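Good morning, everyone, and thank you for coming. Please take a moment to look at the sequence and the model on the screen, and then I will walk you through what has been computed from them.

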Amino acid sequence: GAESSRLDITHWANITKEELGQIEEESNQLIKKSIPVKKEIVERMKAEQKYGFKIYQGGVVPEDKLRIIDIGGLEIEACGGTHLENTSEIEIIKIVNSERIADGVTRINFTAGEAARALERKKLKILDDAASGINVDKQQLPIAAMDLFIKWKKAKKLLGRAKEGKLISPEEIREVEFKPEPAKTKLTEEELLTQTLKVLSTNPEYLAQTLQRFYRELMETIEQLRKF
């Protein structure tokens with residue numbers, strides 16, 4: 001589709017993030033090679049004799065003559081769908097995710113061309129909004145999210161103790177101040193988003209507001225603690 005596409009493949013296990021990254025990288029390398037896409041009408045028997053039954057990977061075509069698509073010898077199939085003239089026309093492919101849809105069948109969801117670029121711009125805005133909302137660098141986001149969540153929980157417990165009349169020391173308050181460490185390694189935008197979302201168990205569209213809520217509540221709790 002123009003906005004999103006999917007490919008169902010037979011595979012014995014779930015595809016790892018690393019494998020998806022390799023698939024995406026190889027796909028984009030093939031796009032850059034500007035491979036011509038050849039289309040021809042061939043009688044069924046001749047097509048089967050020449051290419052074998054692998055031409056039916058997308059399903060059996062019930063016709064006496066088959067439309068054969070040949071992408072530089074890398075992929076040859078019987079297909080009646082629309083096709084470009086050259087792989088370079090795709091521009092770029094971005095894999096969104098993969099999911100197990102049946103026993104032995106995995107679906108790869110992806111997007112291409114301008115839709116893929118729009119997806120990248122959306123991810124970048126999500127990261128920018130999340131980082132600016134808690135005053136950290138983008139590369140700090142996974143560390144900052146973990147630091148913020150841990151200190152938010154500790155601060156809430158300290159406040160509970162304070163309300164019970166127990167003494168809270170200045171050192172304990174300083175320990176829950178939000179001071180995330182600098183990033184030790186440089187991550188891709190995809191890795192930054194994935195790792196940060198995993199920490200907070202939220203969806204991309206709610207990332208910025210979730211971080212801001214934890215940050216605001218932590219600041220408010222620390223202010224309350226200082227009044228005891």
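Let me begin with the contacts of the protein chain, where contact means heavy atoms within 4.5 Å. Among the contacts with a separation of 6 or more, 62% are between residues 24 or more positions apart. Before I go further, please keep in mind that this is a predicted model, in which local features need pLDDT of at least 70 and side-chain atom pairs count only at pLDDT 80 or more, while totals for chains, interfaces and linings use all residues. Residues are numbered from 1 along each chain as its sequence is written, and side-chain values use heavy atoms, with hydrogens and water left out.

The protein chain has seven helices and six strands, which here are DSSP runs numbered from the N terminus, with H or I and at least four residues for a helix, and E and at least two residues for a strand. If you follow the sequence, the pattern reads β-α-β-α-β-β-β-β-α-α-α-α-α. The radius of gyration is 26 Å, well over the 17 Å that the globule rule gives for 228 residues, so the protein chain is more spread out than a compact globule; this radius is taken over C-alpha atoms, and the rule is 2.2 Å times the number of residues to the power 0.38. Along its principal axes, the C-alpha trace spans about 90 × 35 × 25 Å. Of the 228 residues, 35% are buried, where buried means under 20% relative accessible area, exposed means over 50%, and partly exposed lies in between, with a 1.4 Å probe and protein chains only.

Now to the sheets. Strands of a sheet pair through backbone hydrogen bonds, either parallel or antiparallel, and here two strands are said to pair if DSSP finds at least two bridges between them.

One open sheet has three strands in the order β2-β3-β4, with antiparallel pairing. At its edges stand β2 (37–43) and β4 (75–78), each with a single partner strand, so one side of each is left without a neighbour in the sheet. From one strand to the next, the twist averages 20°; axes are lines fitted to C-alpha atoms, for helices over the stretch in contact, and angles run from 0 to 180 degrees between N-to-C directions. Strand β3 (residues 65–71) runs antiparallel to β4 and is joined to β4 by four bridges. Isoleucine 69 has glutamate 77 in β4 as its bridge partner, and isoleucine 71 stands opposite glutamate 75 in β4. The two strands β3 and β4 form a hairpin with three residues between them, and glycine 72 in the turn has a positive phi of about 60°. Across β2, β3 and β4 lies helix α2 (residues 44–51), which runs at about 125° to β2.

The other sheet I want to show is also open, with three strands in the order β1-β6-β5 and antiparallel pairing. Its edge strands are β1 and β5 (93–102), each pairing on one side only. Eight bridges link β5 with strand β6 (residues 105–112) in the antiparallel sense, and asparagine 97 stands opposite asparagine 109 in β6. Helix α1 packs on this sheet, touching β5 and β6, and its direction makes about 130° with that of β5. Helix α3 (residues 113–133) lies across β5 and β6 and runs at about 90° to β6.

What is 9.9 Å from asparagine 97 in space, C-alpha to C-alpha, yet 81 residues apart in sequence? That is threonine 16, which lies in the loop between β1 (5–10) and α1 (17–32) and is partly exposed, with a relative accessible area of 33%.

Finally, the helices. Helix α4 (residues 141–163) and helix α6 (residues 189–200) pack at an angle of about 10°, with their axes 8 Å apart. They are therefore roughly parallel to each other, since angles under 35 degrees count as roughly parallel, over 145 as roughly antiparallel, 65 to 115 as roughly perpendicular and the rest as oblique. In α4, Leu141, Pro142, Ala145 and Met146 meet Leu192, Gln195, Thr196, Val199 and Leu200 in α6.

Helix α4 also holds lysine 151; is this residue buried or exposed? At 13% relative accessibility, lysine 151 counts as buried. Leaving aside residues up to four places away in sequence, lysine 151 touches Glu175, Val176, Glu177, Phe178, Lys179 and Leu218.
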